[in-house]
Structures are given as structure tokens and as C-alpha cells.
Amino acid sequence: MNRLWNRSLATQLIAFTLAALIISQALTFLISWKEHSKALDAAAKSEFLSRARTLTRLVETVPPEYQKQALLASETRDSRFWVTDREAEDPAAWRLTAAAEFSRPLENFVDLVRIFQDGSAKTQIPDPKRVAASNAGEGWRVPMQSLWALPQPIKYVYFDGSRGYGLVIKVDDRTWLNAAFYMRQTGGWWTSTSLASLSLTALILALLGVFFASRISRPLRHLATSAEALGRGENLPPLSEEGPEEVRRTAEAFNKMQGRLHRFLEDRTKMLAAIGHDLRTPLTTLRLRTEFVQDQEIQRKMLSTIDELQGMTEAAISFARGESTEEERATSIWKRWLEASVMTSPILASLSVLSKA
């Protein structure tokens, strides 16, 4: 895994992109989810309170035999309404009644999910006993008059924490309107829809990462191949100077470096050819002067040295003409040339003394 991470630019780019996506999604959720939930809860409770006010006026004007049907027609999945002939005194008993009301199905609600997706019906309150036993010790409360704005007396109570909200409204001396609101806990933000959205976004970003990474890595691979070939002494065409500015400037710098190296090699080759040609004349002169040496042993050693210098000179000329391209031979030529440069001065001095003698 570490080798793949260090080897592939696309892997690193995709990993950083996906990490940025996940972190940004998590931060967005943490910042907005709580406020979003509060806004939805406030809007739902505000709608429920407005509906309760409207039904209070309706119950006042509708005959008792039609009140139940009117209330059933006004119910929603999150709200229940019913009428009693006495006021609820015990909050725990009222919570149990409210939980039972949420357990019955709605008469005016068509569950399309269950019809078309063959799903099972879900009760609004899965555990009525737990909900009824919640908020133990909390009694009835009276809301601010600005929230209710009707002359009928009203009191309210919470259940299941603050997700449930119940109202008891005195319409007249024989009628009390009961209203209960309960928003069922929905799935968290990590639903199948959000997971599919995140997966699709990650896939698109990964494809874009592969595309842009290939645009960057392709010129770099060409640069690495060209640098390796240049190290072997091959003559390559200039790299294409395209792509992002950084890659383009890198290719431009490589092309300039390659041009300088070629000019350096050409100058070195010309220098070797010039030196080789210039050495032929003094070597020929030395060979002629050696003929005047009387001592055969000294003459033989001098001719051997001159032949060695002659061989190095011819090798240098051959190298300059391109007749020898092997690296080992070129290295040998340079080594012998350096040795010859060191030996030339004393040899020439000895030859000059002998010739004068």
C-alpha cells in the first residue's frame, strides 16, 4: 500500500480529494443539521398550533354529532384531535391516551409507500407505554397569551422529551378539545439517498482526479524517459512544451539543458579532433629525430613511447569522427589522454636533449 501511495500521483490526488469531500460534508452536517432540525421542529409546531386554533373555532360552531368527523378529517400523520366531555387532570393518563390515539390508523391518509412499495404500516409511536411514562413529574403548563390569542382556556404538556406536545382546550363547559403533536424520529442524515449522493460525488471527483493526474503524470513520464535516454548519450527530439505552467516550464528547462549538453559534446569533440590533428606533426618530427639517436636501446624506448602517443592520437581522432561510441572505450581514451598529457613534457624534454646531442 505504501509503495502504491508513493508511486502513483493519481492515488494521492484521489485520496486527498475524497478526504476533502468527506471532511467538508461532515463539517457541513455538523454546522447545519442542528439548526435545520430546530427550524423544522419550530415550523411543524407552529403549524400544529395554528391548526388547533382553527379547530377550536370549528368545534364551537359544529353540532356535536359532526365534531368527530370534522376532527378526523383535520388530522395529519403528526397530529391527532379528539373531544372529551371532561377536563384531563392527570398528565400521565393523558399521555397514555395520546399514545393510544397515535396508534390508530388515519382515515384520511393514503400511505403510498405501503401501496406501491409493499411496505408494512408503521405506527407513529412504536412504544406507547414508554412514551406515556416519559417526562414523569412534569405537570400542565399554560402558554403565553400571545401564542394562543383566543379567549378559551388552554394548557399544554410535553411527552417523549420535547418531541411530543399536547394541548387541552376548554371550548365550553361540556366540551374539551384535545390535540396531540408527535414527530416520529426519522432516519439520520446518513440515509440511502445521502449515501448515493456522496458515492456519486466521490465517483465523479475520482474520475476527474484520474484525468487531471494523468495530464500531469504523462509529461513527467516522458521527461523521465527522455532523461534516461539522454544519460545513455542518445540524441532525442525536444520535449513538447504543453500542459500546466509548472510542467511546461520543466519541459522547457529540460530542452535547454539538453541543448547545452549537445553543444558541450560538440565542442569537446571538435577540441579532441583539433588536438589529435595538431599532435600528428610533432609526433612525426619526433619520429624523424629518433633516427639520429645512436643508442639502440634508447631509440627503441623512444619509438615505443612515440607509438603509444600516436595510438592515443589516432584513437582521439576516431572518437571525434564518431567511429567509437562505446562508453568504456571513450573512458579509456580520456584516461590515456590524461596520462599522455602528464608524460608529454618530460618526454619532449628528453627528446630535445638527445637530438641536440
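This report walks through a predicted protein model, from its overall make-up to its sheet, its surface and its salt bridges.

Because this is a prediction, local features need a pLDDT of at least 70 and side-chain atom pairs count only at pLDDT 80 or more, while totals for chains, interfaces and linings use all residues. Residues are numbered from 1 along each chain as its sequence is written, and side-chain values use heavy atoms, leaving out hydrogens and water.

**The overall picture**

The protein has 11 helices and four strands. Helices (H or I, at least four residues) and strands (E, at least two) are DSSP runs, numbered from the N terminus. Of its 357 residues, 30% count as buried; buried means under 20% relative accessible area, exposed means over 50%, and partly exposed lies in between (1.4 Å probe, protein chains only). Take the contacts between residues at least 6 apart in sequence: 61% of them join residues at least 24 apart. Contact here means heavy atoms within 4.5 Å.

**The sheet and a helix across it**

In which order do the four strands sit in the open sheet? The order is 1-4-3-2, with antiparallel pairing. Strand 1 (79–84) and strand 2 (154–159) are the edge strands, each pairing on one side only. On average, neighbouring strands of this sheet are turned by 20 degrees against each other, direction ignored. Two strands pair if DSSP finds at least two bridges between them; strand 3 (residues 164–172) and strand 4 (residues 175–182) are joined by eight bridges in the antiparallel sense. One bridge partner to look for is A180 in strand 4, which faces G166.

Helix 3 (residues 64–74) lies across strand 1 and strand 4, and runs at about 170 degrees to strand 1. Such angles run from 0 to 180 degrees between N-to-C directions, with axes fitted to C-alpha atoms, for helices over the stretch in contact. S74 belongs to helix 3 and is buried, at 14% relative accessible area.

**The surface**

The accessible surface comes to about 23500 Å², and 59% of this belongs to carbon and sulfur atoms. Areas come from the Shrake-Rupley method with a 1.4 Å probe; for residues, only the protein chains shown count as cover. A nonpolar patch of about 750 Å² includes L13, L200 and F212. Helix 8 (residues 192–231) gives the most to this patch, with seven residues. Patch residues have over 30% relative accessible area and no salt bridge; like charges are joined within 9 Å, and nonpolar side chains (Val, Leu, Ile, Met, Phe, Trp, Tyr) within 5 Å.

**Salt bridges**

Side chains of opposite charge can pair when their charged atoms come close. The structure holds eight salt bridges, each being a side-chain nitrogen of Lys or Arg within 4 Å of a carboxyl oxygen of Asp or Glu. Here are some of them.

| Pair | Closest N to O distance |
|---|---|
| E75 and R104 | 2.5 Å |
| R141 and E138 | 3.8 Å |
| E297 and R300 | 2.5 Å |

E75 lies in the loop between helix 3 and strand 1, and R104 in the loop between helix 4 (91–103) and helix 5 (112–117), so their salt bridge ties together parts that are 29 residues apart in sequence. Is E75 buried or exposed? E75 counts as buried, at 4% relative accessibility, whereas R104 is partly exposed, at 23%. E75, E101 and R104 are linked in a network of salt bridges.

E297 and R300 sit three residues apart in helix 10 (residues 296–320), which means about one helical turn separates them.
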